Every structure is written in C-alpha cells, then in structure tokens.
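Visitor: Please take one part of this model and look at it closely, then work outward from there to the rest of the protein.

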Amino acid sequence: MAPSLGYRDAVHALRELGLEPGVPVLAVGAPEWLDEVRGDISSLAGALLASSAAVLSPAFTLQTMVTPPFGPEGNGMAYRSASEANAEAEFFRSDMPAHASLGPLPDALRRVNGARRSNHPILSFVGVGADELLVQQSLTDPWGPIAELAVRGGEAVLLGADHTANVALHLAAQRAGRKQFVRWALTAEGVVECPAFPGCSRGFAAIAPRLRGIAREAWLGSAHLQAIPLRDLLHTAAAWMRQDPAALLCDDPTCALCQAVRSTQS
Ligand SMILES: [Zn+2]
C-alpha cells in the first residue's frame with residue numbers, strides 16, 4: 001500500500017527544510033519514491049510551488065536519442081550496435097512526457113497552470129514562475145537555467161534522492177573543464193546534434209560528505225529531503241573536480257563515459 005502524502009505534510013516538511021518563498025529552487029526527486037507517492041504527486045508539486053519563488057525541474061527526454069553510424073572519437077559511446085535502440089527512438093515534441101527515469105514529478109509540474117518547458121530535444125527543463133531561467137538554455141548551453149538559478153540565489157532540493165539525481169553537478173563538471181560529449185536527438189526537423197552533453201552521474205553521491213555544513217535536511221515520511229544553496233554546491237564540486245581528476249566519476253570499469261573522462265586526464 002502506497003503511503004499517503006498530504007499537501008500540508010509536504011509544506012511542513014519543506015518549511016523544516018528551510019525553503020523560503022522568495023527563493024527559486026531546482027527540484028529533483030528519486031523516481032522510486034516519487035512513484036510510491038504518485039497519487040499525491042500534485043500535492044508535492046503544489047507544496048514546492050507554495051514554498052519557493054520558482055520551481056525548475058529536469059524534464060529530460062532520453063527517449064529521443066539516436067545513435068549515428070559514426071561520430072567523434074572518445075565520445076563515451078559505441079556507434080555500432082545501436083540500430084535496435086534507434087528503432088525505438090521517439091520524435092521530440094514539447095508535450096511529450098519526461099523520461100520514465102525521472103519519475104512523475106516533471107509531468108506533474110508540467111500540468112500546473114503557467115508551467116513552461118524549454119525546447120532542448122533531450123535536456124529540457126520544466127519551470128513554473130521560471131520563464132527567465134528557461135530562456136537561458138540553448139543547444140550549446142544546456143545548463144544555462146541552473147547557472148541563472150545560482151546567480152539568483154537559488155537552491156537545489158533533493159526529494160528522497162541522493163546526488164546521483166542532482167543534475168546541477170553536471171554544470172559543476174562543465175565549469176571544472178571536464179570533457180563534454182555529443183549526443184543526437186530525433187526531431188521533426190531531422191536529427192539534431194546536441195553538444196555540451198554531460199557525462200555519467202553514477203558517482204555523484206560522493207559529494208555528500210563535502211557538503212556538510214552547507215546542506216540542510218528534513219524528512220517527509222520515509223523520504224530524506226536536502227536543500228543546498230546552488231552557488232556553494234557548484235563552487236565546492238567544481239573545486240574538487242579541478243583538484244582531483246577522478247572526483248565524482250563512477251567506479252564501474254565498463255562505464256564508457258567515465259573512461260572517456262579519465263583518458264583525457266591521464
Ligand atoms: Zn560512470
């Protein structure tokens with residue numbers, strides 16, 4: 001039986017977390033927990049909106065990705081063996097659901113009155129009250145909305161998720177000079193090349209101990225909530241990655257993305 005999540009419980013927990021109605025947030029959740037509270041997901045979305053100045057959340061559409069027969073070297077992927085995956089790729093549409101790996105939060109936010117979505121064919125964001133953040137995104141600068149959110153004193157809010165869901169760390173990696181990748185998306189206008197594509201996030205949880213004293217926490221039912229000022233998060237993570245070339249990479253020896261990063265640094 002799925003736990004029930006009331007609007008008032010969510011507002012209370014976000015207040016405990018120290019969110020302030022004047023501060024914009026980047027909200028990311030653990031898909032497993034969000035799926036558990038799916039029936040009440042609009043309560044959670046409403047509570048986030050009531051507790052912040054603006055809400056931004058990844059609404060990525062990985063289902064649009066296609067693999068060309070060849071492409072740049074060291075791009076963290078295999079170019080052959082992809083014909084089956086390509087057969088399942090979907091054309092990007094601005095009203096398509098976010099990828100299932102993000103759970104139901106981005107689509108709940110998209111249903112809110114006044115919600116907008118940026119039009120990156122793989123890495124779109126949904127925003128409510130966040131139009132000035134969304135316009136900062138382009139194909140060559142997918143993390144522009146997060147950079148702008150940091151400038152405006154925004155915070156990253158993790159809902160039952162660890163930092164592997166914290167997409168702001170991709171911006172930190174880019175700022176630290178980490179290798180970026182190229183991916184391709186299927187759109188009505190043809191296949192679109194998407195540069196500045198991020199690496200792997202499976203090692204991101206290792207940032208947690210370095211955020212002690214910066215991250216605030218609270219609980220909502222079984223879900224651990226965290227809030228981290230974005231400026232501090234980006235500064236801490238980028239500084240560590242500059243100092244340690246292996247910081248925040250995953251330890252899977254078969255991870256093509258992390259291997260590609262390592263090979264640029266050796
Ligand atoms: Zn990896």
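Guide: Strand β2, residues 55-58, is covered on both faces in this predicted model. Val55 and Ser57 lie on one side, Leu56 and Pro58 lie on the other, and all four are buried.

On one edge β2 pairs with β1 in the parallel sense, over two bridges. Val25 is the residue that stands opposite Val55 of β2. The pairing with strand β5 (residues 125-128) is antiparallel, and four bridges join it to β2. Within β5, Phe125 is the bridge partner of Pro58.

These strands belong to an open sheet of seven, with mixed pairing and the order β4-β5-β2-β1-β6-β10-β9. At the edges are β4 (116-117) and β9, each of which pairs on one side only. The partner of β9 is strand β10 (residues 223-229), which runs antiparallel to β9 and is joined to it by five bridges. One of the pairs there is Ala218 with its bridge partner Leu225 in β10.

Helix α8 (residues 168-175) involves the sheet as well, since β1 (25-29) is among the elements that cover its buried residues; α7 (144-151) and α9 are also included. Six of the eight residues of α8 are buried, so the helix is largely enclosed by the rest of the structure. Those six are Ala168, Leu169, His170, Leu171, Ala172 and Ala173. After α8 comes Gly177, with a positive phi near 85°.

Phe125, the partner of Pro58, appears again in the nonpolar interior. The largest nonpolar core has 85 residues, and Phe125 is listed with Leu26, Trp33, Leu44, Leu105, Ile146 and Leu159 as those with the most contacts inside it. Helix α9 gives the most to this core, with seven residues. Leu159 can serve as an example of the packing. Neighbours within four places in sequence aside, Leu159 is in contact with Leu14, Ala27, Val28, Gly29, Ala30, Trp33, Leu44, Leu48, Leu105, His224 and Leu225. Leu225 in that list is the residue of β10 that partners Ala218. There is also a second, separate core of six residues, which includes Ala89, Val182, Trp184 and Leu186.

Trp184 leads to another sheet, for it is the bridge partner, in β7, of Val66. Strand β7 (residues 181-187) and β3 pair in the antiparallel sense over two bridges. The sheet is open and has three strands in the order β3-β7-β8, with antiparallel pairing. Both β3 (65-66) and β8 (190-197) are edge strands with a single partner strand each, so one side of each has no neighbour in the sheet.

The loop that follows β8 brings in the zinc site. The protein donors of the zinc ion are the SG atoms of Cys200, Cys250, Cys255 and Cys258, lying 2.3 Å from the ion. Angles among the four donor atoms are 105 to 113°, and the site is tetrahedral. For comparison, the ideal angle for four tetrahedral donors is 109.5 degrees. The spacing of the donor residues in sequence is C-x49-C-x4-C-x2-C. Cys200 and Cys255 link distant parts of the chain, 55 residues apart: Cys200 is in the loop between β8 and β9 (216-220), while Cys255 is in the loop between α9 (230-243) and α10 (256-265). Both Cys200 and Cys255 are buried.

A contrast to the buried strand is found at Gly46, which lies in helix α3 (residues 41-50). Gly46 has 23% relative accessibility and counts as partly exposed. From Gly46 to Pro69 is 23 residues in sequence, and their C-alpha atoms are 44 Å apart in space.

The remaining points concern the whole protein. It has ten helices and ten strands. Its radius of gyration is 18 Å, close to the 18 Å given by the globule rule for 266 residues, so the protein is as compact as a globular protein of that length. Along the principal axes, the C-alpha atoms fill a box of roughly 50 × 40 × 40 Å. Of the 266 residues, 52% count as buried, among them the four of β2 described at the start. Among contacts with a separation of 6 or more, 72% are between residues 24 or more positions apart.

How values were computed: Residues are numbered from 1 along each chain as its sequence is written. This is a predicted model: local features need pLDDT of at least 70, side-chain atom pairs count only at pLDDT 80 or more; totals for chains, interfaces and linings use all residues. Side-chain values use heavy atoms; hydrogens and water are left out. Two strands pair if DSSP finds at least two bridges between them. Donors are N, O and S atoms within 2.8 Å of the metal (3.2 Å for Na, K and Ca); water is not among the atoms, so sites may look incomplete. Four donors count as tetrahedral if all angles lie between 85 and 135 degrees; four count as square planar and six as octahedral if opposite donors are over 155 degrees apart and all others between 65 and 115; anything else is irregular. Buried means under 20% relative accessible area, exposed over 50%, partly exposed in between (1.4 Å probe, protein chains only). A nonpolar core is a set of buried Ala, Val, Leu, Ile, Met, Phe, Trp, Tyr and Cys residues joined through side-chain atoms within 4.5 Å. Contact means heavy atoms within 4.5 Å. The radius of gyration is taken over C-alpha atoms; the globule rule is 2.2 Å times the number of residues to the power 0.38.
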